[in-house]
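Please examine the structure shown below together with its sequence. The report that follows describes its surface, its overall form, its main pocket and its charged contacts.

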Amino acid sequence: AGPVYQFRLMTTQQGINRGYGFCLYTCRQDAKRAVKQLDNLELRRGRQPLGVKFSVDNCRLFVGGIPKTKQRPDVLAEMQRISDHVKDVIIYSSAADKSKNR
């Protein structure tokens, strides 16, 4: 389907295969092609076919302890100073300490 950037096979703490993994392709088109080509593919006759679906994109980071005096534009500017790939910042108030953001 295309070049694979990363494949993570999920295992137990004992190293036993859990029966699923996550494959990251270098581009979206290759990932779409892989889903079409591999979903319901029978690798061995009489065995359960592969189930291939898109996973939920997990590109968010949680950053705690941000001072309440910092507003969204401040935090966004600081994060973009560190990495130019930051697209957005969401700020939640801390339920435990109202003087801090969560």
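## A nonpolar patch on the surface

Which residues form a nonpolar patch on the surface? In this predicted model, the patch consists of V4, F7 and L9. Together, these three residues have about 300 Å² of accessible area. One of them, F7, has its place in strand β1.

## Overall form of the chain

The secondary structure comprises 2 helices and 2 strands. When the chain is read along the sequence, these elements follow the pattern β-β-α-α.

The dimensions of the chain may be considered next. Its C-alpha trace spans about 60 × 30 × 20 Å along the principal axes. The radius of gyration of the chain is 20 Å, whereas a compact globule of 102 residues would have a value near 13 Å.

## The largest pocket

How much space lies in the largest pocket? The volume is about 1200 Å³. The lining of this pocket is made up of 29 residues, and those closest to the centre are G21, F22, C23, L24 and S55. Three elements each give two or more residues to the lining: strand β1, covering residues 4-11, strand β2, covering 17-25, and helix α1, covering 28-38.

Strand β2 provides the largest share of the lining, with 8 residues. Sorted by class, the lining of the largest pocket contains 17 nonpolar residues, 8 polar residues and 4 charged residues. As a general principle, a probe the size of a water molecule, rolled over the atoms, shows where empty space is left.

## Salt bridges

How many salt bridges does the structure hold? There are 4 salt bridges in the structure. One salt bridge is formed between K53 and D39, whose closest N and O atoms are 2.9 Å apart. Both K53 and D39 lie in the loop between α1 and α2, the latter helix covering residues 72-82, so the pair ties together parts that are 14 residues apart in sequence.

## Summary

The predicted model shows a chain with the pattern β-β-α-α. Strand β1 contains F7 of the nonpolar surface patch, and β1 also gives residues to the lining of the largest pocket.

Note on methods:
Residues are numbered from 1 along each chain as its sequence is written. This is a predicted model: local features need pLDDT of at least 70, side-chain atom pairs count only at pLDDT 80 or more; totals for chains, interfaces and linings use all residues. Side-chain values use heavy atoms; hydrogens and water are left out. On a 1 Å grid over the protein atoms alone, a cavity is a set of points where a 1.4 Å probe fits but cannot get out, and a pocket is an open set with protein on both sides within 12 Å along at least five of seven lines; lining residues have an atom within 4 Å of a point. Grid points are joined across faces, edges and corners, and a volume is the space filled by probe spheres set on the points. Helices (H or I, at least four residues) and strands (E, at least two) are DSSP runs, numbered from the N terminus. Ala, Val, Leu, Ile, Met, Phe, Trp, Tyr, Cys and Pro count as nonpolar, Asp, Glu, Lys and Arg as charged, and the others, Gly among them, as polar. Patches are made of residues with over 30% relative accessible area and no salt bridge: like charges are joined within 9 Å, nonpolar side chains (Val, Leu, Ile, Met, Phe, Trp, Tyr) within 5 Å. Accessible areas come from the Shrake-Rupley method with a 1.4 Å probe; for residues, only the protein chains shown count as cover. A salt bridge is a side-chain nitrogen of Lys or Arg within 4 Å of a carboxyl oxygen of Asp or Glu. The radius of gyration is taken over C-alpha atoms; the globule rule is 2.2 Å times the number of residues to the power 0.38.
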